[in-house]
Amino acid sequence: MTYTRAVHETVAALRTIREQWGELLLAIETPPADVWPPRQLAHTMRAVDDEQLVVEERAPLVLREHPAPLNLAALDTGLAVERLVFSLADTLAAAVQHEARDGAPRDPRRWEFADPGAVDIRRAHGSRAHGLHYACVWVEGRVLDEDTEAEAQLDGVPAAPPFAPLPPHLLHEARRTARIAEGRLLRTLGLDVRSTPVPDRACPWCGGELELHTGPDAVPRVTCSTGPECTAPVPLDDEGRRVWEWHDLLALVAALTEAEQRVAA
């Protein structure tokens, strides 16, 4: 594998983790469910004040109390992903982060190691206290060799950069770790690439089999196996199946609910 490809894959995995982290935090607060409805749609339909679901500013999972998580599998995944990314940041910092100069002001770009003996909680957890988003961005900076050039001080004298370039063996370790964390997160959210029959629900228009399609780079969509003969008011996909894209799924949920109510009556 080329160095450039390893960089690209590592950065892509780290960004997927950051983009889906909010979904995982919401999953911890949501009881486990079957594949239907898609997790993102279930969150959309949940009668909760959106202001309660701001996730970027929440404390890391390792610093929180979890008196009654509704989804233990999601919590376990979150803790594992944090552990993988935080440990990776520690490893990279130990290898490429230059020692701070005596008397120099604190450089916010530096990764601060945890100090279990410290009384102050921020020092006790170091940069981990900033959370997973921060750790992913910091690791991405090392993978991209940011801040590795000499920097001019106020008096014009060049100073050593805060970081050294990342050696190839650590780049490949970063890639391996990031992809493991990404894969576990996507599997927990049901966003790994797969097609799954929608359980115990037939197409409300023709009775055909519905199938949910998910993937890390695409929003969920549902298709009907009947094909063009299905009369559902949605377009056909490239394989000639009726397809409910993301913006159509709420209408499909409503139609399925109505069909279930007719059967119950």
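**Helix packing and the largest pocket in a predicted model**

In this predicted model, helices α3 and α6 are roughly antiparallel to each other, because their axes cross at roughly 170°, and an angle over 145 degrees counts as roughly antiparallel. Helix α3 spans residues 72-96 and helix α6 spans residues 168-189, and the two axes come within 9 Å. On the α3 side, the residues that meet α6 include Ala 73, Thr 77, Ala 80, Leu 84, Leu 88 and Leu 92, while the α6 residues that they face in this contact include Leu 170, Ala 174, Thr 177, Ile 180, Ala 181 and Leu 185. Charged residues also take part, among them Asp 76 in α3 and Glu 173 and Arg 184 in α6. By class, the residues of the contact of α3 with α6 divide into 13 nonpolar, four polar and three charged.

The largest pocket has a volume of about 380 Å³. Of the 17 residues that line this pocket, those closest to its centre are Arg 101, Ala 104, Asp 107, Arg 109 and Ala 160. The lining of the largest pocket as a whole comprises eight nonpolar, two polar and seven charged residues.

Confidence varies along the protein, which averages a pLDDT of 86, with 89% of the residues scoring at least 70. Helix α5 (residues 132-143) has the highest confidence, at a mean of 97, whereas helix α2 (residues 39-45) has the lowest, at a mean of 68. Over residues 47-57 the pLDDT is below 50, and this stretch has nine contacts in the model beyond near neighbours in sequence.

Definitions and conventions:
Residues numbered from 1 in each chain as written. Predicted model: local features only at pLDDT ≥ 70, side-chain atom pairs only at ≥ 80, totals over all residues. Heavy atoms only, no water. 1 Å grid on protein atoms, 1.4 Å probe; cavity = no way out; pocket = protein on both sides within 12 Å on 5 of 7 lines; lining within 4 Å. Points joined across faces, edges and corners; volume = space filled by probe spheres on them. Nonpolar A, V, L, I, M, F, W, Y, C, P; charged D, E, K, R; others polar. Axes fitted to C-alpha atoms, helices over the stretch in contact; angles between N-to-C directions. Helix = DSSP H or I, 4+ residues; strand = E, 2+ residues; numbered from the N terminus. Parallel < 35°, antiparallel > 145°, perpendicular 65-115°, else oblique. Contact = heavy atoms within 4.5 Å. pLDDT = per-residue confidence, 0-100.
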